[in-house]
Amino acid sequence: MRLFKGSSLAVLVKIILLTISISVLGTLALAAFAHGESEIGIFISIAIAALAVTYLSKISVPMKFFLPGMVLLAAFVVVPILYTLTMSVYKYQTGNYISKSEAITQDLLIGIQPDPEGTTFDMRLGTDSNGDVAILASDLLTNSYFISTTKNKIDLQPNQVTLNADGVAEGADGFKKYNSSQLTKSADEASKLRFVYKQDYFLLTEGFDLAAVNSQVLSYDSATDTFTNATTGVTYKDNGRGNFVNTKNKKDILPVGWRAPIWFDNFVKLATDPKISGPLVGVFIWTVVFSSLTVITQFALGLLIAIALDKKIRGRRFYRAILILPYAMPSLMSILIWGGMFQTEFGAINTLLGTQINWFDDPWFARAAVLVVNLWLGFPYFYLVSSGSLTAIPSELAEAASVDGANPRQIFRKITLPLLLQILAPLLIASFAFNFNNFNLIYLLTGGGPRDDLGGQVAGATDILISYTYRIAFGGSNQNLGLASAISVLIFVIVASISLYGVRKTKVLDEF
Amino acid sequence: MTNWLKNVAWRHAVVIPVLLFTLFPLYMVVLSSLNPSGSLQVTSFVPNKISFNNFDTLFNNPQIPFLTWMKNSVVVAGFVAVVSVAIGAASAFAFSRLKFKGKKFGLQTLLLVQMFPSILSLSAVYVIMERVHNFAPDIGLGTQSGLILVYLGGAMGVNIWLLKGFVDSIPMELDEAARIDGASAVQIYWQIFVPLATPVLAVVALLSFIGTFNEYVLASLFLSDMDSRTIAVGLQQFIGGQYSKNWGPFAAGSILASIPIVIIFLSAQKYIVNGLTAGSVKG
């Protein structure tokens, strides 16, 4: 007798789900290609193909189970990690964000200069008879008027224009002035256009009613891959590190650079540039101290409570219910609440102690505060796991030792603690690794501070590696994603080694 | 008497100070939420006047769309919890029960990927979602659905490992018996594994819910719109370092936001603690 039968309902559900997913993904892929995001389009197309093949054929049963998970993991975890790893060998920072071709376009756009006289005209924005964006310019010195678009310029006779009281042309044949709502909408777009003036000169709009004469001074030669400044005659060459540099003066670079591969320079910088390696070493030491002290204090307090409550005493259930509250609370709320309590003025801690300590302005007080808050957040976890483990240690061991004349302290130090450490070692290591990257606590409590912002200091006294790196990558006006990626790789190696050691201990990998 | 001192009293003496340490911030936040002035200043550690002004502000001040934030958090975290467990469970089943090429490699990759500090690949996630926004504004940067997608990707690693541990503990004999009766892998999954695993799936979903509810960094990067924020981002930005200004309503808000999580946690405590010893650390 067959107990298990394929049901037609299941097949129907499968087909419907598959159709919906594929049509949604298909629409997305098409949209991606249409907007020039071909990499994303290709990724989605591969996902569609994989879905179709997996669920419509019998090629691989395991694939049917893990394909959706793998697609999500690939898109939002693996690809970003690979991207970050790649960026660690790139110069990728403020001023060097875009690709080379975009950078050339930008440099060309910026490489203009007003004409020597600084000529400007009063102008009105609108459209010409073809509907193209146009300006109607008035030269008040010579009483001449013209309409200019990006393609051509038409000079007008005074009798073809309507003037206002100041002598500025407000309207003309073949010109339709923008009304005020059109103007606010289009002025920004128009400011990027170059309106025809004469020969090498063109007009740029400035605000709503002024046009200035400019000329292109920087020119790019794609054959030699160089820029030349027509006024000064200086040539700028690709320095192979993401910038065009004056061939005679290394300090003179064009403002817009691009992300360029610089191989191991970011890593070399980490090791040799004292401005970077100095703070990095300090931050690294504090990270290790912070994680170690956190694990030690949390474990010690948790274990102490576990031992104290190891016997059925009155009120044990009540104690337990209260003691695990910090662990049950959303940690984010707790951190913010502690942040308020540590405020210098009116904060509950200073009020309680009768002090006026600037907790977050003094490096040592800030570090102490971070450790106290983390102790509060984490000791219940170790209380829970220790009390579970204590019951797992056979009581015969302690009894036997007691018969042999050991006192309770000796039993604890020689028997209970070693056994407990053996059981909990993987959890202690996991907790160390977790706190090594405990971004939320640092970021939300102290922001990594105190730090000397005015002195340009990036690393704060309580910054751990991950919050420090976050600041390098995203904080402030000088962001350096390349360098941050290099530090990420470093953190990854450290945490992976710690965790692998922990995994070895728990022997999870043996099952493969 | 000496026996009592030796055996019992010291236990109370150890626990009570820790109890006070535990309760202090919780007591303070309750006190602040009921303080009519709504300020950070502690005039007395015993409440002399109780008012619900702060709670009132929370619900009636249009600048603090507290209920919207809560709703957003519950929707995002709920969706992530359910979907990530549904997808994760299938993967965990495959990794635990089925034999295929590349299984070891897959598991090792999964482990390795989890060790990468996810906050640091943030810029890449940001760039990707920014580009997605260009052609699909509904799921790109700035939308809750985009945030959910990113969370789902991030939740996979943890959930698969947690669930795999559980699937491993279900006796293999059950599968073999079913297979002899003619069941396919898909049928074993739906008719044997899923019914057996429902309680565990629920616990992993709860952990996932709490984790997502707590998530701050991604949410703050993704959701700039006041009305699309989650409670974590909303309350953080609301207090925004200016503790003295908005302390009272913040205290009230953090209590209301924490209560559901604390209840969920306490009610599933036994299972969660078992899961903890299996090696997960709650964020």
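Student: Which residue in β14(A) stands opposite A:L218?

Tutor: In this predicted model, A:L218 has A:N229 of β14(A) across from it. The general idea is that strands of a sheet pair through backbone hydrogen bonds, either parallel or antiparallel. Here, β13(A) and strand β14 (residues 226–229) of chain A run antiparallel, joined by four bridges. Two strands count as paired if DSSP finds at least two bridges between them. The names come from DSSP runs numbered from the N terminus: helices are H or I with at least four residues, strands are E with at least two.

Student: What is the strand order in the open sheet of chain A?

Tutor: The four strands go β13-β14-β15-β16, with antiparallel pairing. At the edges sit β13 (218–221) and β16 (244–246) of chain A, each pairing on one side only. On average, neighbouring strands of this sheet are turned by 30° against each other, direction ignored.

Student: Which strands does helix α4 of chain A lie across?

Tutor: Helix α4 (residues 100–110) of chain A lies across β13, β14 and β16 of chain A, and runs at about 150° to β13(A). Axes are lines fitted to C-alpha atoms, for helices over the stretch in contact, and angles go from 0 to 180 degrees between N-to-C directions.

Student: How do I read two helices from separate chains, say α10(A) and α1(B)?

Tutor: Two packed helices are described by the angle between their axes and the distance between the axes. For helix α10 (residues 331–341) of chain A and helix α1 (residues 2–34) of chain B, the axes come within 10 Å and cross at roughly 80°. So α10(A) and α1(B) are roughly perpendicular to each other; that label covers 65 to 115 degrees, while under 35 is roughly parallel, over 145 roughly antiparallel and the rest oblique.

Student: Which residues of α10(A) and α1(B) meet?

Tutor: A:S334, A:I337, A:W338 and A:M341 meet B:P25, B:M28 and B:V29. Contact means C-beta atoms, placed from the backbone, within 7 Å. That group has six nonpolar residues, one polar and no charged. Ala, Val, Leu, Ile, Met, Phe, Trp, Tyr, Cys and Pro count as nonpolar, Asp, Glu, Lys and Arg as charged, and the others, Gly among them, as polar.

Student: Where in chain B does pLDDT stay under 50?

Tutor: Over residues 279–283 of chain B. pLDDT is the predictor's confidence in each residue, from 0 to 100. Where pLDDT is low, the predicted coordinates should not be read in detail. Chain B averages 84, with 95% of its residues scoring at least 70.

Student: Any ground rules?

Tutor: Residues count from 1 along each chain as its sequence is written, chains are lettered from A and ligands numbered from 1 in the order in which they are written. In this predicted model, local features need pLDDT of at least 70 and side-chain atom pairs count only at 80 or more, while totals for chains, interfaces and linings use all residues.

Conventions: Two residues are in contact if their C-beta atoms, placed from the backbone, lie within 7 Å.
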